[in-house]
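Please read the following report with the sequence and the 3D view side by side. It begins with a pair of strands and works outward from there.

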Amino acid sequence: MPVIPFPSQSAPPSATLTKPRVPTVPSRWTFPATAASVRRARWAVAGALPADCSPQLADDLVLLASELVTNAVRHGALHDEDQLVELFLWPADGHYWLAVSDAGDGRPVIRASGPEAGCGGRGLVLVDAVAAAWAVVPRRPCGKSVVAGMPLH
């Protein structure tokens, strides 16, 4: 284990170690894998944002949370009464990041949907259009997280 020397009073200022920036702790919520959780997720994200967050950014983050939690409930949960969906929100690297995790093994994909597709099938199309970046990340021992980011400014 490396030893970090304690700076002495005689050490020049450039020789003292700078402390790393402490990252923001992500907000984390768990919800039952039910349709009612989508509304609760929207409220959680809206309530966690700072007062000076732009209305457009807040609306976009709430939309992303809604779409990702809906997908996790409909397609990712194992339809077990004890299934949970996790939602994380945190600022980092000039973005707000959202991650929604479920226990399902299926990998979400964007589906081309026309007017005849009905009401469903457009969630990831919206995520792809609104988010600056998004990805599906496997979770161990099972499941996945869908992570999406929005620029802070």
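Strand 2 (residues 84-92) and strand 3 pair in the antiparallel sense over seven bridges, where strands are DSSP runs of type E with at least two residues, helices are runs of H or I with at least four, and both are numbered from the N terminus. Two strands are said to pair if DSSP finds at least two bridges between them. The model described here is predicted, and for that reason local features need pLDDT of at least 70 and side-chain atom pairs count only at pLDDT 80 or more, while totals for chains, interfaces and linings use all residues. Residues are numbered from 1 along each chain as its sequence is written, and side-chain values use heavy atoms, with hydrogens and water left out.

Within the pairing of strand 2 and strand 3, Trp90 has Trp97 as its bridge partner, and Pro91 has Tyr96. The hairpin that these strands form has two residues between them. Asp93 lies in the loop between strand 2 and strand 3 and has a positive phi of about 55° although it is not a glycine. Most residues other than glycine have a negative phi, and most peptide bonds are trans. Asp93 counts as exposed because its relative accessibility is 69%; exposed means over 50% relative accessible area, buried means under 20%, and partly exposed is in between, computed with a 1.4 Å probe on protein chains only.

Strand 3 (residues 95-102) is mostly covered, with seven of its eight residues buried. Strand 3 is also joined to strand 5 (residues 144-151) by eight bridges, and these two strands run antiparallel. In this pairing, His95 stands opposite Pro151 of strand 5.

How do the strands fit together as a whole? Five strands form an open sheet in the order 1-2-3-5-4, and the pairing is antiparallel. Strand 1 (27-32) and strand 4 are the edge strands, each of which pairs on one side only. Neighbouring strands of this sheet are turned by 15° against each other on average, direction ignored; such angles run from 0 to 180 degrees between N-to-C directions, and the axes are lines fitted to C-alpha atoms, for helices over the stretch in contact. Strand 1 is joined to strand 2 by six bridges and runs antiparallel to it.

The bridge partners and opposite residues named for this sheet are set out below.

| Residue | Partner | Strand of the partner |
|---|---|---|
| Ser27 | Leu89 | strand 2 |
| Phe31 | Val85 | strand 2 |
| Trp90 | Trp97 | strand 3 |
| Pro91 | Tyr96 | strand 3 |
| His95 | Pro151 | strand 5 |

The loop between strand 4 (133-138) and strand 5 holds Pro141. A cis peptide bond, with omega about 10°, joins Arg140 and Pro141.

The helices can be taken next. Helix 1 (residues 36-48) lies across strand 1, strand 2 and strand 3, and runs at about 165° to strand 1. Ser37 is found in helix 1 and is buried, because its relative accessible area is 1%. Leaving aside residues up to four places away in sequence, Ser37 touches Phe31, Pro32 and Val69, contact meaning heavy atoms within 4.5 Å.

In helix 3 (residues 123-130), Gly123, Leu124 and Val127 are buried. Seen down the axis of helix 3, its buried residues fall within an arc of 90°, so they line one face of the helix; the arc is that of the directions from the helix axis to the C-beta atoms. What covers the buried residues of helix 3 includes helix 2 (55-76), strand 4 and strand 5.

Two cysteines can be described by their accessibility. Cys53 counts as buried because its relative accessibility is 16%, whereas Cys142 counts as partly exposed because its value is 41%. A search of the whole structure finds zero disulfides, a disulfide being a pair of cysteine sulfur atoms within 2.5 Å.

Taken over its whole length, the protein chain has three helices and five strands, which follow the pattern β-α-α-β-β-α-β-β along the sequence. Of the 153 residues in the protein chain, 36% are buried. Among contacts with a separation of 6 or more, 60% are between residues 24 or more positions apart. The accessible surface of the protein chain comes to about 10,000 Å², of which 59% belongs to carbon and sulfur atoms; accessible areas come from the Shrake-Rupley method with a 1.4 Å probe, and for residues only the protein chains shown count as cover.
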